Amino acid sequence: MDEKDWELFKKKLNDRTGIDLQLYKEPQMKRRISNLVTRAEEKSFTAYFDKVSKNKNDFAEFIEYLTINVSEFFRNPDKFSKIEKEVIPYLLKRSQKLNIWSAGCSIGAEPYSLSIIMKEKTPNVRHRILASDLDVDILAKARRGVYTENELKSIDPARKAKYFTQMPDNQYAVKPEIKAAVEFKRHNLLKDKFEKGFDLILCRNVVIYFTDEAKDKLYANFFDSLKPGGMLFVGATEAILNYRKLGYTSFQPFFYQKPENSPA
């Protein structure tokens, strides 16, 4: 597996999916993909790519592995408690209707968790919850809204009973009123244009393999997408060390705020 093979693999991947590995940390991504190549008993990155490209399910599994789609409802419950008890009430004082973006939403557990919170906080108000991801197959699962017991392990039993319908195969379907509040779309965080005017953006456990330059550009784009006073919430291992340089203030650990006096 030489350098030319790796470069050709990256080009093929980008042409087919829009995933540009130039924006990811090369040693880590190369190691992850090398493991797949070895497991498949192929001798090169391109041979592996050509093999999985011939089978829709194999290719979907490869992209899911590559984009690290790990999620569950109310992941990191202590952080979600802060959203529910501090961040959302603060934002609701500024605006009756919130515009929220779950960026890199994976299987949909995060935006549906937000939908449950907003349903309980403001039952008669329709907020906008946008959920985006790069992986079209994962988005299809998110739109279906059917989950395993393990994916619901962090959810309160009362909420589970209230907002999910148990199915015969011991899976759980999100109830229609929770699904209806979430809008899903495909979006490449490293390539596509960003909407503006968000009160809250969540981007958690997404940037782990991004280069520092790609992260800074992403966080700058999020800053531009937030309303003055809006918040960015990142993952528990993704503290933004240079947040002041990017224009943010710290609301709480892992919650970064666009100052109230910033231009809209």
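This section describes the overall fold, the aromatic pairs and several individual residues of a predicted model.

The chain contains 10 helices and 10 strands. Its radius of gyration is 19 Å, close to the 18 Å that the globule rule gives for 264 residues, so the chain is as compact as a globular protein of that length. Along the principal axes, the C-alpha atoms occupy a box of roughly 60 × 50 × 25 Å. Of the 264 residues, 52% are buried, and the accessible surface of the chain amounts to about 13,000 Å², with 51% of that surface belonging to carbon and sulfur atoms. When contacts with a separation of 6 or more are considered, 73% of them are made by residues 24 or more positions apart.

Aromatic side chains were examined next, and the count comes to 20 aromatic pairs. In one of these, the ring centres of Phe-9 and Phe-62 are 6.4 Å apart and the ring planes meet at 65°; the pair is therefore edge-to-face, since planes over 60 degrees apart are assigned to that class. This pair links distant parts of the chain, as Phe-9 belongs to helix 1 (residues 3-17) and Phe-62 to helix 4 (residues 56-66), with their positions 53 residues apart in the numbering. Both Phe-9 and Phe-62 are buried. A further pair is formed by Tyr-24 and Phe-210, whose ring centres lie 5.1 Å apart with planes at 80°, so that this pair, too, is edge-to-face. Because Tyr-24 lies in the loop between helix 1 and helix 2 (26-39), and Phe-210 in the loop between strand 7 (198-203) and helix 10 (212-225), the pair ties together parts that are 186 residues apart in sequence. Tyr-24 is buried at a relative accessible area of 13%, and Phe-210 is likewise buried, with a value of 3%.

Phe-9 and Phe-62 also belong to one aromatic cluster, which is formed by these two residues together with Trp-6, Phe-45, Tyr-48, Phe-49 and Phe-59. Phe-59, a member of this cluster, has a charged group placed over its ring, namely the charged end of Arg-16, which is 3.9 Å from the ring centre. A second arrangement of this kind involves Lys-258, which lies over the face of Phe-223 at 5.0 Å from the ring centre.

Two polar residues have contacts around the end of helix 1 and the residues that follow it in the numbering. Asn-188 is located in the loop between strand 6 (182-186) and strand 7, and this residue is buried, its relative accessible area being 6%. Its side chain reaches the backbone oxygen of Gly-18 at 2.7 Å. When residues up to four places away in sequence are left out, Asn-188 touches Gly-18, Ile-19 and Leu-134. Asn-14, by contrast, is placed in helix 1 and counts as partly exposed at 22% relative accessibility. With the same exclusion of residues up to four places away, Asn-14 touches Ile-19, Asp-20 and Lys-191, and Ile-19 is thus a contact of both Asn-14 and Asn-188. The C-alpha atom of Asn-14 is separated by 29 Å from that of Ala-236, a residue 222 positions away along the chain.Lys-82 is situated in helix 5 (residues 77-94) and, at 31% relative accessibility, counts as partly exposed. Leaving aside neighbours within four places in sequence, Lys-82 is in contact with Val-87, Gln-252 and Phe-255. The C-alpha atoms of Lys-82 and Arg-126, which are 44 residues apart along the chain, are separated by 22 Å.

Finally, two residues other than glycine have a positive phi. For Glu-41, phi is near 60°; this residue is found in the loop between helix 2 and helix 3 (45-53) and is exposed, with a relative accessible area of 71%. For Phe-254, phi is about 75°; this residue is placed in the loop between strand 9 (249-252) and strand 10 (255-257) and counts as buried at 18% relative accessibility.

Key
Residues numbered from 1 in each chain as written. Predicted model: local features only at pLDDT ≥ 70, side-chain atom pairs only at ≥ 80, totals over all residues. Heavy atoms only, no water. Phe/Tyr/Trp six-rings, centres within 6.5 Å; stacked < 30°, edge-to-face > 60°. Helix = DSSP H or I, 4+ residues; strand = E, 2+ residues; numbered from the N terminus. Buried < 20%, exposed > 50% of the residue type's maximum accessible area, 1.4 Å probe, protein only. Lys NZ or Arg CZ within 6 Å of the ring centre and 35° of its normal. Polar contact = N/O pair within 3.5 Å; in protein donor to acceptor, adjacent residues only side chain to side chain. Contact = heavy atoms within 4.5 Å. Rg over C-alpha atoms; globule rule 2.2 N^0.38 Å. Areas by Shrake-Rupley, 256 points an atom, 1.4 Å probe, with all protein chains shown as cover.
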